[in-house]
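User: Could you take a close look at one part of this model for me? I would like to follow the strands of the sheet and then see what lies around the ligand.

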Amino acid sequence: MKFRNFFKILNNGVQLHYCTQPQPIQKITEKIGFIGDGNMAKAICFSVEKHNIIDFSQVYVSSPYRANLNIWKEKGANISIHNYEVARNADVIFLAVKPHFLKNALDGILENNNVDDIKNKLFISILAGYTLEDLEQFLKPFKESRIIRVMPNTPVLVGEGCTVYCPGKNVTQNDLSIVKTLMEVTGLCFEVEERFIDPIAAVCASGPAYTYLFIEALSDGGVRMGLHREMATMLAAQTVLGAGKMVLSTNKHMGTLKDDVCSAGGTTIAGIHALEKGGVRGSVIDAVQSATNRAAELRKAK
Ligand SMILES: NC(=O)C1=CN([C@@H]2O[C@H](COP(=O)(O)OP(=O)(O)OC[C@H]3O[C@@H](n4cnc5c(N)ncnc54)[C@H](O)[C@@H]3O)[C@@H](O)[C@H]2O)C=CC1
Ligand SMILES: O=C(O)[C@@H]1CCC=N1
């Protein structure tokens with residue numbers, strides 16, 4: 001049992017509803033594969049397993065580097081250096097390589113292998129940039145495959161992720177239910193139109209990296225003013241967590257929440273003045289714009 005976040009889409013915005021009753025969570029019986037064993041594959045799989053949605057015995061994972069696979073083996077997953085083994089054995093296959101390695105990863109499946117073994121699979125792509133149309137081209141050799149484009153972020157590992165998804169052609173209700181069951185336990189998760197995926201990736205898939213910079217800088221500021229590092233970092237991180245929760249749960253505008261902190265002639269407004277002089281808002285908006293545009297560049301380079 002777990003408390004889930006519920007939400008509905010209102011006028012293109014998402015409204016969160018926190019559920020007060022624990023919801024029964026069903027286990028997934030399908031075999032789950034990961035082609036690519038890196039940061040994002042681990043974040044998704046380890047989190048989902050922790051929530052008892054799957055067991056490692058039903059997980060298949062491949063990567064060319066056996067040493068990296070040991071951590072999966074120790075947990076009980078089925079590992080291989082051949083992507084074909086994952087594609088053949090798993091029912092649901094996460095494509096979790098860097099975009100520029102996808103062609104190579106799929107070519108490895110096709111070389112000298114029986115492609116007829118790989119049909120009727122649900123592929124879940126977490127790749128930045130590549131559209132459903134691109135993915136359909138890449139996956140053409142695999143008969144009766146269905147594709148869902150999913151954009152997660154690394155905080156899924158700690159159950160505070162943001163994930164959006166967009167189904168491709170022929171995706172079934174059962175396929176959608178698998179994605180929802182897997183990802184809803186890892187944080188916020190909802191369906192979007194594909195045109196929103198690149199900007200969403202720029203906000204919340206890349207967003208943790210921007211936020212770590214801010215937390216580090218806040219901690220540095222504390223150290224500059226005489227706090228010990230450990231304490232400064234703990235306080236900075238908890239402050240960002242708390243501010244995020246305030247935005248999500250009070251329904252107040254960010255400007256109002258900011259004003260609630262700024263006393264007239266007080267300390268905070270002096271800090272805000274310094275941040276504005278440094279162009280913090282313009283820099284963050286530029287970051288989201290650059291990351292969104294970079295997704296289109298990745299697509300062109302495929
Ligand atoms: N890291 C993040 O925060 C997010 C990443 N993504 C997407 O997830 C995908 C994976 O990113 P990360 O996990 O960060 O990268 P990563 O570099 O940590 O993991 C990729 C893994 O793929 C493996 N690999 C390389 N060539 C391969 C091949 N031919 N066959 C099988 N495996 C191969 C590597 O050994 C590596 O462990 C990317 O496409 C990225 O766009 C999406 C959302 C967030
Ligand atoms: O930086 C990247 O390309 C990936 C996609 C979103 C987060 N990390």
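Analyst: Happy to help; here is a walk along the strands, ending at the ligand.

This is a predicted model, in which local features need pLDDT of at least 70, side-chain atom pairs count only at pLDDT 80 or more, and totals for chains, interfaces and linings use all residues. Residues are numbered from 1 along each chain as its sequence is written, while chains are lettered from A and ligands numbered from 1 in the order in which they are written.

Let's start with strand β6, residues 92–95 (helices, H or I with at least four residues, and strands, E with at least two, are DSSP runs numbered from the N terminus). Val 92 and Phe 94 point one way from β6, Ile 93 and Leu 95 point the other way, and all are buried (20 or more other C-beta atoms within 10 Å of a residue's own; exposed means 12 or fewer, partly exposed is in between, and C-beta atoms are placed from the backbone). In a regular strand, side chains alternate between the two faces of the sheet.

β6 pairs in the parallel sense with strand β3 (residues 32–35) over four bridges; strands pair if DSSP finds at least two bridges between them. Here Val 92 is the bridge partner of Ile 32. Four bridges also join β6 to strand β7 (residues 122–125), again in parallel, and Val 92 stands opposite Leu 122 there. With helix α4 (residues 102–110), β6 and β7 make a right-handed β-α-β unit: with the strands pointing away from the viewer, the path from the first strand over the helix to the second runs clockwise.

β3 also pairs with β4 in the parallel sense over four bridges, and Ile 32 stands opposite Val 59 in β4. The chain crosses from β3 through α1 to β4 in a right-handed β-α-β crossover.

Now to the ligand. Ligand 1 is surrounded by 29 residues, the closest being Gly 36, Gly 38, Met 40, Ala 105 and Ala 128 (a residue is near a molecule if its C-beta atom, placed from the backbone, lies within 6 Å of it). Both α1 (39–50) and α4 supply at least two residues of this shell.

One last residue to look at is Asn 83, in helix α3 (residues 83–89). Asn 83 counts as buried because it has 27 C-beta neighbours inside 10 Å. Leaving aside residues up to four places away in sequence, Asn 83 touches Ile 35, Ser 62, Ala 105, Gly 108 and Ile 109, where contact means C-beta atoms, placed from the backbone, within 7 Å.

Terms used: Two residues are in contact if their C-beta atoms, placed from the backbone, lie within 7 Å.
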